[in-house]
Amino acid sequence: MTELRPSLVELAARYGVATHYEDWAGTQVAAPESTLIAVLAALGVAAADDEQRAGALAEHDRRYWQRSLPPTILARTGSTSSFWVHVTHGDPVEVWIALEDGSTRTGLHQLPNDTTPFDLDGRLVGEASFELPADLPLGYHRAHMRSGSSEAHAPLIVSPATLPVPPRLGARRSWGLATQLYSVRSHNSWGVGDLTDLTDLAVWSVTCHSAGFILVNPLHAAAPVAPMEPSPYLPTSRRFVNPLYLRPEAVPEYAELRHRGRLRRSRTEVQARARRKELVDRDSAWRAKRAALATIYRVERSAGRELAYAGFRARQGGALDDFAAWCALAEKYGNDWHAWPAELQHPRNQAVASFAAENADEVDFHRWLQWQLDEQLTKAHATAIAAGMDVGVMHDLAVGVDPNGADAWALQEVLALGVTAGAPPDEFNQLGQDWSQPPWRPDQLVEHAYEPFRALVSGVLRHAGGVRIDHIIGLFRLWWIPRGAAPTEGTYVRYDHEAMIGIVALEAHRAGAVVVGEDLGTVEPWVRDYLHDRGLFGTSILWFEQDRDGDGGPLPAERWREYCLSAVTTHDLPPTAGYLAGEHVRLRDELGLLTRPAAEELADDRAAQNAWLAELRRVDLLPAQDTGDEPDADAVILALHRYLGRTPSRLLSLSLADAVGDLKTQNQPGTSDEYPNWRVPLRGADGRQRLVEDVFTDPRAAALGAVMRSLVHPPK
């Protein structure tokens with residue numbers, strides 16, 4: 001490969017763009033020049049030739065020296081840190097901190113700084129450094145400076161050095177039920193699982209089997225038009241929630257309806273269609289549910305309820321208004337804002353304000369839906385805690401959003417256009433992954449004091465005792481793929497992980513929540529240590545836990561991580577019964593996702609499974625093998641979950657699909673329409689759909705629930 005020009009290497013380094021990286025096999029790979037140019041362009045930097053690069057480097061210097069203070073200042077409790085101040089060379093400067101409680105800290109100590117002054121259009125600009133004391137309180141503060149007639153301020157974020165384990169969890173181990181909520185409906189839901197079903201599953205798991213939490217798929221909003229996006233990991237918005245999960249009968253105003261029989265008949269029809277269909281039909285469910293909710297919306301609210309609604313709107317502010325306007329626009333013009341009339345393609349345009357005013361009821365309906373979701377989510381978590389859970393509801397935060405959706409429309413300034421996020425090739429996804437999502441622009445996050453990210457994290461923790469962050473490695477570096485390029489032609493872009501993880505820790509500390517980072521795949525070794533030091537839990541999936549320092553076989557239980565959420569399987573693999581049957585290899589072969597013959601893949605998979613069976617026998621969780629005997633699949637599944645109890649992991653998880661003996665995977669990475677991702681209803685081993693009520697009486701679920709209970713409450 002042609003050696004890169006020094007100017008391109010320097011420019012890429014300044015913007016955190018990797019010119020080379022180490023792949024999953026440990027090989028050094030150079031990023032193509034075309035990739036670097038495209039990625040820099042997505043960051044607003046022209047870098048096609050040496051002249052453009054020289055101009056970009058000079059402009060980078062100018063912007064740095066023009067600032068009086070950094071755009072965002074970071075600190076941790078318990079340790080000192082520093083920040084720089086730029087003033088005319090030789091001029092005195094005064095600095096102080098305005099804390100979020102209204103008090104002020106002065107007398108900051110100045111540190112030595114020998115940086116050479118910079119000639120900024122004939123004015124020499126000098127740099128001074130000041131120390132932030134170690135005893136600053138947690139929170140979002142502001143640093144101020146004054147030099148002569150010049151004044152400036154910058155946001156200061158002070159995060160906990162380490163996120164403490166929530167007091168309700170303490171030193172105890174806890175287990176949780178993991179569910180894809182849309183897939184598990186009840187007799188009283190509208191064709192898909194809803195928040196009342198989530199509440200009932202939580203209560204069953206804690207009252208019958210002492211579960212400490214329930215982990216649910218991302219509940220982020222989808223566009224409110226057909227066809228509704230099935231993937232919970234490709235939402236239209238991560239800030240807001242999908243009203244598909246509402247239970248209309250749980251809205252207080254439902255009781256005031258005069259003709260409730262019509263809604264009950266509508267629900268019965270939706271349920272009948274769901275029974276006849278092989279896949280989850282979101283469109284049919286939403287069509288009926290939207291009509292029901294629109295009827296309830298028109299019911300007059302009491303004075304107290306009006307006050308509550310006004311308070312919700314005030315708390316959510318302009319972000320709620322933008323989202324509601326986008327939903328109303330999508331219902332009229334379609335769910336791709338790029339195809340709307342030009343004057344509607346930015347939320348601050350006057351045409352959008354005019355549309356919102358002319359369609360006030362339609363816009364307010366979508367605001368009202370989010371209020372109802374806020375209330376039902378609050379009840380779900382509160383009920384789980386009241387029933388005895390340590391953590392309660394643990395929500396899942398997706399990596400990104402639909403490029404044509406509400407967040408991409410509302411947050412255009414802080415998202416990178418011209419690229420998509422994804423993942424490089426790894427052992428399981430050998431062609432890499434393109435998630436089609438616009439990534440955060442790290443430079444613009446800093447400029448906006450990380451406020452969009454802060455709002456996202458605080459929002460998902462509002463109704464939760466925990467959060468799982470999908471692909472948490474994306475808060476350190478993210479794989480950017482130029483539009484139109486293959487996933488293999490991307491490169492990494494770095495983020496300020498100190499800021500991103502610091503905000504997560506600060507918001508979780510304030511919420512009293514636990515944070516689980518999904519840190520699977522290609523991970524730099526130091527990252528897991530960093531997450532542990534900051535008090536965030538990692539993720540371990542049994543099939544992926546290998547002894548890389550030994551023979552590559554199963555990692556012995558005693559060497560698993562303590563601060564970790566450990567499970568046998570994940571939503572990107574088949575349920576354990578399907579995995580044992582080789583479903584993951586068969587499906588990838590059928591879909592053309594393998595890079596070597598299926599026979600080789602199956603042979604390696606069988607060897608890996610046999611190694612795990614041998615490990616289960618070694619620790620006496622399976623009986624010794626008699627010649628020619630194959631262990632019973634149900635016995636293996638029970639043994640695999642018992643094995644989790646041999647690890648030191650503080651958090652353990654049982655998939656609801658495993659609990660009922662389901663075989664089919666919910667998602668096959670690397671596919672879109674080739675496989676019905678995120679549309680597979682919960683089924684038992686016999687292939688028949690299972691309802692929430694069926695779970696409560698399922699013998700497999702009872703057996704696995706008893707196993708999980710024994711792991712957190714061992715018999716005396």
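Start by selecting Ser-159, which you'll find in strand S11 (residues 150-159). Keep in mind as you click around that this is a predicted model. Is Ser-159 buried or exposed? Its relative accessible area is 3%, and the cut-off for buried is under 20%, so Ser-159 counts as buried. Now add Arg-646 to the selection and draw a C-alpha to C-alpha distance: the two residues sit 34 Å apart in space, with their positions 487 residues apart in sequence.

**Colour by domain**

Next, paint the domains. The division gives domain 1 (6-64), domain 2 (69-159) and domain 3 (242-392). Put a marker at the C-alpha centre of domain 2 and another at that of domain 3, and you'll have 45 Å between them.

**Two helices in domain 1**

Zoom in on helix H1 (residues 6-14) and helix H2 (residues 33-42). Their axes come within 11 Å of each other and cross at roughly 45 degrees. That angle makes H1 oblique to H2. As for the hand, the crossing of H1 and H2 is left-handed.

**The nonpolar cores**

Switch on side chains for Trp-368 and Trp-480. These two have the most contacts inside the largest nonpolar core, a set of 173 residues. Which helix gives the most to this core? Select helix H7 (residues 303-333): its contribution is 10 residues. Domain 1 (6-64) and domain 3 (242-392) both supply residues here, so the core lies between them. There's also a second, separate core of 20 residues; pick out Val-87, Val-95, Leu-132 and Leu-136, which are among its members. As background, nonpolar side chains tend to be buried together in soluble globular proteins.

**Strands S12 and S13**

Move along to strand S13 (residues 213-216) and show its side chains. Phe-213 and Leu-215 point one way, Ile-214 and Val-216 point the other way, and all of them are buried. That fits a general pattern: in a regular strand the side chains alternate between the two faces of the sheet. Now bring in strand S12 (residues 174-179), which runs parallel to S13 and is joined to it by four bridges. To line the pair up, select Leu-177, which stands opposite Ile-214 in S13.

**An open antiparallel sheet**

Jump to the four strands that form an open sheet in the order S18-S17-S20-S21, with antiparallel pairing. Which strands are at the edges? Strand S18 (433-437) and strand S21 (491-494) are, each pairing on one side only. Going from one strand to the next, the twist averages 45 degrees. For a closer look, take strand S17 (residues 419-423): three bridges join S17 to S18, and the two run antiparallel. Ala-423 is a handy residue to click, since across from it in S18 stands Gln-433.

**Last stop: S23, S24 and S25**

Finish at strand S24 (residues 564-567). Both of its faces are covered: Cys-564 and Ser-566 on one side, Leu-565 and Ala-567 on the other, all buried. Strand S23 (residues 538-541) pairs with S24 in the parallel sense over four bridges. Select Ser-540 and you can trace across to its bridge partner in S24, Ser-566. Then show strand S25 (residues 651-655), which also runs parallel to S24 and is joined to it by three bridges. Where does Leu-565 find its bridge partner in S25? Click Leu-651, and you have the pair.

Technical notes: Residues numbered from 1 in each chain as written. Predicted model: local features only at pLDDT ≥ 70, side-chain atom pairs only at ≥ 80, totals over all residues. Heavy atoms only, no water. Pairing = 2+ DSSP bridges. Axes fitted to C-alpha atoms, helices over the stretch in contact; angles between N-to-C directions. Core = buried A, V, L, I, M, F, W, Y, C linked by side-chain atoms within 4.5 Å. Buried < 20%, exposed > 50% of the residue type's maximum accessible area, 1.4 Å probe, protein only. Domains from an automatic or database assignment. Parallel < 35°, antiparallel > 145°, perpendicular 65-115°, else oblique. Left-handed = near helix turned anticlockwise from the far one by under 90°.
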